[in-house]
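Here is a friendly note to read alongside the model. Please keep the 3D view open and look up each residue as you go through the points.

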Amino acid sequence: MRKTVVALALVAALTACSGDGGDEPTQPAPAVPTPTTSEGASSTPGGPPDLGAPQQVASGLDVPWGMAFLPDGNALVAERDTGRILQVSPGGGQAREVYEVPGVDAGGEGGLLGLAVSPGYAQDRWVYAYHTADSDNRIVRFRLDGGAQPEVVFEGIRKAGNHNGGRIKFGPDGMLYAGTGDAANTASSQDPDSPNGKILRLTPEGDPAPGNPRAGSPVYTLGHRNVQGLAWDSAGRMYATEFGQNRLDEVNLIEPGKNYGWPDVEGEGDTGGGRFTNPIVTWPTDEASPSGAAIAGDTLYVAALRGERLWTVPLNAGTAGEPRAELRDRYGRLRTVEVAPDGALWLATSNRDGRGDVREGDDRILRHPARP
């Protein structure tokens, strides 16, 4: 059963919730002091672990979006609007540009979005990026130490000013998963032949992965509005975060071939006799606008843009307990959350994306060391 977090909020204007969480203008705001611990850190048995004292490992970034880790523990961070990929050390210091993805068309919510590092990076050295180009959204791969043009592995994902999706991750099966958006064309989410409004499952070369619900199709699940968070638990169950329109944002338990309802259903609703699958968590859009997702232990972490907080959701064999808000109003809009190889939790702010209140040092990358 889905766990509804709070009662429904009043219906917000569509333009305020249709993409990354509102159209508020960018205005300067006072610097926010870094707390020594996370707000409301749980000491309840079975609750989310204490996040630990945060460490700012990078600042002054231009709309960081994707994040992925190299085997040595350094992070790669994508800047949405510049097309640059920066290397950030867990010890802090100056972020270093290591690559610039050519052909990035930054506009609206588009640009350089998700990043992923090949599971076999030590041998093949591939880095993957999801980005908006002149004519579409696409996935490319390249080597940081090579001068060759990126190789396009998947293209033809319709682009728009919003709902471009963009998160990519390798799953436990070694396949590449991509969350896409409906590109403001709601009908595409229910079209099995369109890559929009879907979660795609691809081989590392960009072909439809073997074992997909429909042979020869890259589509793993359909009926999505705008997926920007993908994560797996220790048992291999997959979860995805999804932007609602003007009522409810979602966390979904992802199972192959399932239809998650958009645009027929937003949040929990009529399943159409089992045709649609309901979410396991919902939030009013002004409390979430969920982007990145990560799992550590039995806790799902969800970065909230409009909600300006980090949601922690206890998981139990595919079901969700009561979510808890952490870091509320501490750092502004949170775009990405990832778990590093050493177990630390990394966060990226998104206050310079045109919809946030810019604080001194924005945008920044924060690292919360793992706690036993």
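1. Let's start with Glu 97 and Arg 84, which form a salt bridge in this predicted model. The closest N and O atoms of Glu 97 and Arg 84 are 3.3 Å apart, which falls within the 4 Å cut-off for a salt bridge. Glu 97 belongs to strand β7, residues 96-100, and Arg 84 to strand β6, residues 84-88, so the pair ties together parts that are 13 residues apart in sequence.

2. How buried or exposed are these two partners? Glu 97 has a relative accessible area of 38% and is partly exposed. Arg 84 is partly exposed as well, at 27% relative accessibility.

3. Next, please look at Asp 105 and Lys 159, another salt bridge, with the closest N and O atoms 2.5 Å apart. This pair links distant parts of the chain, 54 residues apart. Asp 105 sits in the loop between β7 and β8 (112-117), and Lys 159 in the loop between β11 (151-157) and β12 (168-170). With a relative accessibility of 28%, Asp 105 is partly exposed; Lys 159 is also partly exposed, its relative accessible area being 23%.

4. A third pair to find is Arg 138 with Asp 136, a salt bridge whose closest N and O atoms are 3.0 Å apart. Are its partners buried or exposed? Arg 138 is buried, at a relative accessible area of 17%, and Asp 136 is buried too, at 6%. Both values count as buried because the cut-off is under 20%.

5. Which residues are joined into one network by salt bridges that share partners? They are Glu 79, Arg 84 and Glu 97, so you will meet the strand β6 to strand β7 pair from the opening point again here. For the wider picture, the count of salt bridges comes to 18. As general background, side chains of opposite charge can pair when their charged atoms come close.

6. Finally, do take a look at Trp 346, found in strand β26, which covers residues 345-349. Trp 346 is buried, with a relative accessible area of 0%. How far apart are Trp 346 and Gln 56, in sequence and in space? They are separated by 290 residues in sequence, while their C-alpha atoms are 9.6 Å apart in space.

Methods. Residues numbered from 1 in each chain as written. Predicted model: local features only at pLDDT ≥ 70, side-chain atom pairs only at ≥ 80, totals over all residues. Heavy atoms only, no water. Salt bridge = Lys/Arg side-chain N within 4 Å of Asp/Glu carboxyl O. Helix = DSSP H or I, 4+ residues; strand = E, 2+ residues; numbered from the N terminus. Buried < 20%, exposed > 50% of the residue type's maximum accessible area, 1.4 Å probe, protein only.
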